[in-house]
Amino acid sequence: MSCRVFGLEPEVAYGETKTKEEFDLDFDHDVDSMDFKLNDEPVTKSFGSRTNQKARAGVMKPTGSIETSANLQILGHYFWGFLDNYKFSAGSGGKNMHEFWGGEHKLLKSFRGVSVNDDLIFYLLGLLVDGMKLECSSEDMTLGADFIYKTEFSDILDDENGYERCEALPDDLFIMFYDISLKLNNKDPDGIQTSFTWEGSNNHDVDKTIGFGARHPQGQAKANKRENSISIVTTLGKETVRSILDARYGKVNVLEPTKCQILQVPLQVDVELCEQPGQKLTIIFPNCTLLAEFDSSGIDDVEATLNMASLGSDTVKLSDGTDVTTDMYVKLTNKMGEIGKK
């Protein structure tokens, strides 16, 4: 049986060198796809020849990506890595609240991780979440994450079943499309929505972390502009045509483009599994630009796509009543303890 597993734990200090015995993962999970590479293309010289004559080792800018089924227990680590603020509130009945929101910090939380590829394990240091994606249509919600990292070391197992898995996560159920509900501009969207995608990027600057005397990053890369793009697919019909035109023209109840206006609306995404009452996920984008596009093909139903980009100019109220100005807020209630505390 193949073993394709990825696991995470927060770092105390960025890129701190560890032996494999010192890794103490918070969890690991199966993946649908996984790719970690050093990006260490050699530097070659031809010296006037049509063929390369000499080569030397090039710079390393390690990157990685994973894709898996999203579930409420593992999402907290990824959201903390993507966003830069985290607040934990202990709850009752084994359920705890984790709140994350985007701010202006440029040094984000770093992690250690393992990438298990049957009988080969990579131990990864200085993992930073450069991008994150949630996507769902007619089946389960998929979680994608893109990383940059400092360096790695490896281990070869005696056989592909030699990796010892972490303790199983509680209530480890993947999220289905019927667990998801949306609120656009503080109300249920018109019509039927058939697809949702959120994709975020931190645009880390790796180039400035590599200097003389080293091939791989020497320090933690700083995050640059945070970008959040959201798309919702709906079907063009009598119940949706007005809201689609409002988004297309930038103003409510008009039939042509406005001179200078665009619609700006909040979006809320809620996830709750009926098998796990009280455990849920809420994502709020307090202010988003809104555009609409659609195309017709044959006699198929006309699908319209609402495209949004978040703005960081509005406030969200935390569970303790504090107002924070942000472009993205996440409230996650699950059975995981405080991240980074063991």
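Helices and strands here are DSSP runs, numbered from the N terminus, with at least four residues for a helix (H or I) and at least two for a strand (E). The model is predicted. By that definition, Asn-185 falls in the loop between β13 and β14 (193-201). The protein comes to 2 helices and 21 strands. Its radius of gyration is 23 Å, close to the 20 Å that the globule rule gives for 342 residues, so the protein is as compact as a globular protein of that length.

**Overall dimensions and burial**

- The C-alpha trace spans about 65 × 65 × 45 Å along its principal axes.
- Of the 342 residues in the protein, 46% are buried.

**Helix α1**

- Helix α1 covers residues 75-82, and 8 of its 8 residues are buried, so the helix is largely enclosed by the rest of the structure.
- The buried residues of α1 include the aromatic-ring carriers His-77, Tyr-78, Phe-79, Trp-80 and Phe-82.
- Leu-75, Gly-76 and Gly-81 are also among the buried residues of α1.

**Salt bridges**

- The structure holds 17 salt bridges.
- One of them pairs Asp-30 with Arg-165, with the closest N and O atoms 3.2 Å apart.
- That pair links distant parts of the chain, 135 residues apart. Asp-30 sits in strand β2 (residues 27-30), and Arg-165 sits in the loop between β12 (151-156) and β13 (180-184).
- Asp-30 is partly exposed, at a relative accessible area of 48%. Arg-165 is partly exposed too, at 37% relative accessibility.
- Another salt bridge joins the side chains of Lys-335 and Asp-171, at 3.3 Å from N to O.
- This pair also links distant parts of the chain, 164 residues apart. Lys-335 lies in the segment after β21 (329-334), and Asp-171 lies in the loop between β12 and β13.
- Lys-335 counts as partly exposed at 34% relative accessibility. Asp-171 counts as partly exposed at 30%.
- Asp-28, Asp-30 and Arg-165 are joined into one network by salt bridges that share partners.
- Lys-37 and Asp-35 also meet through their side chains in a salt bridge, at 3.6 Å from N to O.
- Lys-37 has 40% relative accessibility and counts as partly exposed. Asp-35 is partly exposed, with a relative accessible area of 35%.

**Negative surface patch**

- Glu-293, Asp-295, Asp-301 and Glu-303 form a negative surface patch.
- Asp-295 belongs to strand β17 (residues 280-295).
- Asp-295 has 55% relative accessibility; exposed means over 50%, so Asp-295 counts as exposed.

**Positive phi outside glycine**

- Asp-171 has a phi near 50°, a positive value in a residue other than glycine.
- The place of Asp-171 is the loop between β12 and β13. Asp-171 is partly exposed, at 30% relative accessibility.
- Asn-185 is not a glycine, yet its phi is positive, at about 55°.
- Asn-185 is partly exposed, with a relative accessible area of 39%. Its place is the loop between β13 and β14.

Technical notes. Residues are numbered from 1 along each chain as its sequence is written. This is a predicted model: local features need pLDDT of at least 70, side-chain atom pairs count only at pLDDT 80 or more; totals for chains, interfaces and linings use all residues. Side-chain values use heavy atoms; hydrogens and water are left out. Patches are made of residues with over 30% relative accessible area and no salt bridge: like charges are joined within 9 Å, nonpolar side chains (Val, Leu, Ile, Met, Phe, Trp, Tyr) within 5 Å. Accessible areas come from the Shrake-Rupley method with a 1.4 Å probe; for residues, only the protein chains shown count as cover. A salt bridge is a side-chain nitrogen of Lys or Arg within 4 Å of a carboxyl oxygen of Asp or Glu. Lys and Arg count as positive and Asp and Glu as negative; His and the chain ends are not counted. The place of a charge is taken as NZ of Lys, CZ of Arg, CG of Asp or CD of Glu. Buried means under 20% relative accessible area, exposed over 50%, partly exposed in between (1.4 Å probe, protein chains only). The radius of gyration is taken over C-alpha atoms; the globule rule is 2.2 Å times the number of residues to the power 0.38.
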